[in-house]
Amino acid sequence: MLKNTGFDPLGYVNRVKEILPKIYGKKPLALINTYGCQQNVSDSEKIKGMLTTMGYGLTEDVEKADFVLFNTCAVRGHAEDRVFGNIGVMKQYKQKNKNMIVAVCGCMAQQQIIADKVRKSYPYVDLLFGTHVTTRLPEFIYKRLTGSGRIFEISQDSSEIVEGVPISRDGKIRGWLPIMYGCDNFCTYCIVPYVRGRERSRASEEIIKEAECLVKSGYKEIFLLGQNVNSYGKGLDEDINFSKLLRRLNAIEGDFVIRFMTSHPKDCTKELIDTVAECKKVERHLHLPFQSGSDRVLKQMNRRYDSKGYLELINYAKEKIDGVTFTSDIIVGFPGETYEDFEKTVKLVKEVEFASLFTFIYSPRNGTPAASMPDPITRKEKGVWFNELLKVQEEIGRSNNQKLVGQTFRVLCDSIESEGLLSGKTSSNIEIMFEGSDQLLGQFVDVKITQYTNSLKGEIV
Ligand code: SF4
């Protein structure tokens, strides 16, 4: 049973609230830089919620900021380089504003090697804290503002889920809703289990409560988050799994839709596919990362499914879910992958006909098993394979989209492209642009697709 400690049991929020005006003589401003996935976006919303509750305002302007935080991602090397570049720039701002606090958190910060580097090479970083202690931010700020030395806290304890953290949401249409944290899968290329800890699920009543609150506040899309949402419920005392959770969310009154990410194919069950097919509010799209079409490579990746099983799932979903679309992540050039292996990936891509793909050239992550596997293929060669795959997918995307011209879909208007031009997504996660007033943002409208060039365009009917 997971402990629910409640947020801020030691009262640091109020303590910070009291001292901020004395230190800054005004409402101090905080700037949050977020890198990486939606989980980080969601974490940053909690961080902003804690900061505003403590008395900070928010800003996008580093010149005006009194607290600057980098919420980092460790999944790919180039993102890390970018973060270090941006932290480096803070030296000049810190010289101008002596009371400024510079902080680093997130998946990069959770790694000892990164913490050591920051400690040594970036002396103007005041706080560094890992993914398991984010909710202790008020304590860290209080201690730093009241004379503590630099604070570096990367506790490995990931057993607790802290509920009741205030959230300052970025948008008003889509609400991110984490349902579980961490991952137990240990895919050999992936750093996530090392930086996010073991898999743990939130109690379903907390999730339902948060979803109801989002719907009441006018949110139209509830986006469930987790490294592996399909294994939701493991370790909880209650009789629940992801399918049951979806059914309970689907039963909440109101006009809204439910999306989720990410699903692991090994945990994607027929029960889940049936649930998506039967629940009207659950969108008809599955993000099901297959990573490689070669069973040999999948084994090396420790993915624990094979291409045959994956295709069976896809075909079952095509049969059951009307209009279903699929997206996937693919790694090109995993250590030891041959061109023959890569051809199997291309074959699978052609067979499934994905709506779109998130394709990456393999990037070694320190501390993962794959980083020490022999990798004889050059980056240049991997780049050629990568481009070949992109071309195949472009052609599939073109052909899929052309077939949609003339059809009408219910679309949630979620953004403004330019003056008078809106865009939104269908239930199958297809993006359409159409003319309309910004009053329609956050509303469902029926849109007929009229043309496809580089994107789908339509008109409200
Ligand atoms: S399922 Fe694999 S790729 Fe996904 S977070 Fe877990 S270890 Fe990483």
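In which hand does α12 pass α13 in their crossing? To get there, let's walk through the structure, keeping in mind that this is a predicted model.

Strand β7 is a good place to start. This strand covers residues 174-178, and five of the five are buried, so β7 is largely enclosed by the rest of the structure. In a regular strand, side chains alternate between the two faces of the sheet. With β7, you can check each face in turn: R174, W176 and P178 sit on one side and are buried, and G175 and L177, on the other side, are buried too. Both faces are covered, in other words. As for company, β7 pairs with strand β10, residues 221-225, in the parallel sense, and five bridges hold that pairing. If you want one contact to look up, take G175, whose bridge partner in β10 is I222.

Next comes the ligand. Around it you'll find C183, N185, F186, C187, C190, V192, P193, Q227, N228 and H264. Sort this shell by residue class and you get six nonpolar and four polar residues, with no charged ones.

Now for another piece of sheet. Three strands make an open sheet in the order β12-β13-β14, with parallel pairing. The edges belong to β12 (285-287) and β14 (356-361); each has a single partner strand, so one side of each is left without a neighbour in the sheet. From one strand to the next, the twist averages 10°. Zoom in on β12 and β13 (residues 325-332) and you'll see that they run parallel and are joined by three bridges. One pair to pick out is H285 with its bridge partner in β13, T325.

That brings us back to the helices. Helix α12 spans residues 339-352 and helix α13 spans residues 379-404; their axes come within 10 Å and cross at roughly 15°. An angle under 35 degrees counts as roughly parallel, and α12 and α13 are therefore roughly parallel to each other. And the hand of the crossing? α12 passes α13 in a right-handed one.

Last stop: G420, in the loop between β15 (408-418) and β16 (421-425). Is G420 buried or exposed? Just 12 or fewer other C-beta atoms within 10 Å make a residue exposed, and G420 has 11, so G420 counts as exposed. For a sense of scale, compare G420 with V133: they are 287 residues apart in sequence, and their C-alpha atoms are 44 Å apart in space.

Notes:
Residues are numbered from 1 along each chain as its sequence is written. This is a predicted model: local features need pLDDT of at least 70, side-chain atom pairs count only at pLDDT 80 or more; totals for chains, interfaces and linings use all residues. A residue is buried if 20 or more other C-beta atoms lie within 10 Å of its own, exposed if 12 or fewer, and partly exposed in between; C-beta atoms are placed from the backbone. Helices (H or I, at least four residues) and strands (E, at least two) are DSSP runs, numbered from the N terminus. Two strands pair if DSSP finds at least two bridges between them. A residue is near a molecule or strand if its C-beta atom, placed from the backbone, lies within 6 Å of it. Ala, Val, Leu, Ile, Met, Phe, Trp, Tyr, Cys and Pro count as nonpolar, Asp, Glu, Lys and Arg as charged, and the others, Gly among them, as polar. Axes are lines fitted to C-alpha atoms, for helices over the stretch in contact, and angles run from 0 to 180 degrees between N-to-C directions. Angles under 35 degrees count as roughly parallel, over 145 as roughly antiparallel, 65 to 115 as roughly perpendicular and the rest as oblique. A crossing is left-handed if the near helix is turned anticlockwise from the far one by less than a right angle, and right-handed if clockwise.
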